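This report describes a predicted model. It takes up an annotated position first, then the elements around that position.

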Amino acid sequence: MIANKNTAKKTAEVLLQINAIKLSPNKPFTWASGWKSPIYCDNRIVLSYPPIRNYIREKMAKHIEKQYGRPDVIAGVATGAIGIGALVAEYLGLPFVYVRPEAKKHGRQNQIEGYIEKGQNVVVVEDLISTGKSSLNAVKALKDAEVIVKGMVAIFSYGFDIANENFEKEHVTLHTLSNYENLLEQALDTNYINKKELETLSRWNANPSEWNAN
């Protein structure tokens, strides 16, 4: 679920402006999974642009309070959401922790870095949702630590059906500032893409694992 339409379009606009999101339907990217994709997203670039990172920080913080109330702790998912998560926590004046993909093999063998107590209310911050697997892995680690995960807020989601199914299965609510549908609307409105490219991009989103540029 997106925060609201205006925020969704504005977020898409700024992500395109700084090339945090790139659309290339005619020369697709190859993801680590091996999928061919006409979109590449790296929202960590947001951190390099103070006005934009402040916009994202403020919108995420206000949306967290609106949807979940004021939590005890903000948790960022490593590594992509550590930066923005810490900024959101700072804006709200709240403690911050981050969650590794797995526990360290040495030292204290932490998966959750930072101080957190059993029973505390936590909202998870993520930069990008694809299938949701890594994000939900972080939620599991937090639940294993016996904290209460109120939900998750992310900058952007590809809007894959599999992600929706995964979040529903784990009973985790997800809100995003923007998503693929609003990204394409904004890209078309600003002539970043044309209608033919829009059709290509829409086909990919409907079946990304089988899509190819031809």
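**The annotated position and its loop**

The unreviewed UniProt entry lists Ser130 under "binding site". In the predicted model, Ser130 sits in the loop that links β8 (121-129) to α4 (133-144). Its relative accessibility is 28%, and because buried means under 20% and exposed over 50%, Ser130 counts as partly exposed. Apart from residues up to four places away in sequence, Ser130 touches Tyr158, Phe160 and Ala163.

Thr131 belongs to the loop between β8 and α4 as well. With a relative accessible area of 27%, Thr131 is partly exposed. When neighbours within four places in sequence are set aside, Thr131 is in contact with Phe160, Ile162, Ala163 and Asn166. The side chain of Thr131 also reaches the backbone nitrogen of Lys133, at 3.3 Å. How far is the C-alpha atom of Thr131 from that of Glu146, 15 residues apart along the chain? The two C-alpha atoms are separated by 25 Å.

**The sheet**

Six strands form an open sheet with mixed pairing, in the order β7-β6-β5-β8-β9-β10. Its edge strands, each pairing on one side only, are β7 (112-113) and β10.

Three of the strand pairs are set out below.

| Strand pair | Sense | Bridges | Opposed residues |
|---|---|---|---|
| β5 and β6 | parallel | four | Val77 and Val99 |
| β8 and β9 | parallel | eight | Val125 and Val153 |
| β9 and β10 | parallel | five | Ala154 and Thr176 |

Strand β9 is thus paired with β8 and with β10, residues 174-179. Is β9 largely enclosed or open to the outside? Eight of the 10 residues of β9 are buried, so the rest of the structure largely encloses this strand.

Two connections lead into and out of β9. On the way in, β8, α4 and β9 make up a right-handed β-α-β unit. On the way out, the chain passes from β9 through helix α5 (residues 161-169) to β10, and this β-α-β crossover is right-handed. The loop that holds Ser130 is part of the path from β8 to α4. Among the contacts of Ser130 is Ala163, a residue that Thr131 contacts too.

**Helix α3**

Which residues of helix α3 (residues 82-92) are buried? They are Ile84, Gly85, Val88, Ala89 and Leu92. Viewed down the axis of α3, these buried residues fall within an arc of 140 degrees, so they line one face of the helix.

The buried residues of α3 pack against several elements: α2 (50-68), β5 (73-77), β6 (96-99), β8 and β9 (148-157). The strands β6, β5, β8 and β9 follow one another in the sheet order. Just after α3, Gly93 adopts a positive phi of about 70 degrees.

**Summary of the picture**

The position listed by UniProt as a "binding site", Ser130, is a partly exposed residue in the loop between β8 and α4. Strand β8 pairs with β9 over eight bridges, and β9 itself is largely enclosed, with eight of its 10 residues buried. Both β8 and β9 are among the elements that the buried residues of α3 pack against.

Terms used
Residues are numbered from 1 along each chain as its sequence is written. This is a predicted model: local features need pLDDT of at least 70, side-chain atom pairs count only at pLDDT 80 or more; totals for chains, interfaces and linings use all residues. Side-chain values use heavy atoms; hydrogens and water are left out. UniProt positions are given in the numbering used here, feature names are shortened, and annotations may be inferred rather than shown by experiment. Buried means under 20% relative accessible area, exposed over 50%, partly exposed in between (1.4 Å probe, protein chains only). Contact means heavy atoms within 4.5 Å. The arc is that of the directions from the helix axis to the C-beta atoms. Two strands pair if DSSP finds at least two bridges between them. A crossover is right-handed if, with the strands pointing away from the viewer, the path from the first strand over the helix to the second runs clockwise. A polar contact is a pair of N or O atoms within 3.5 Å; within protein, one must be able to donate a hydrogen and the other to accept it, and residues adjacent in sequence count only if both atoms are side-chain atoms.
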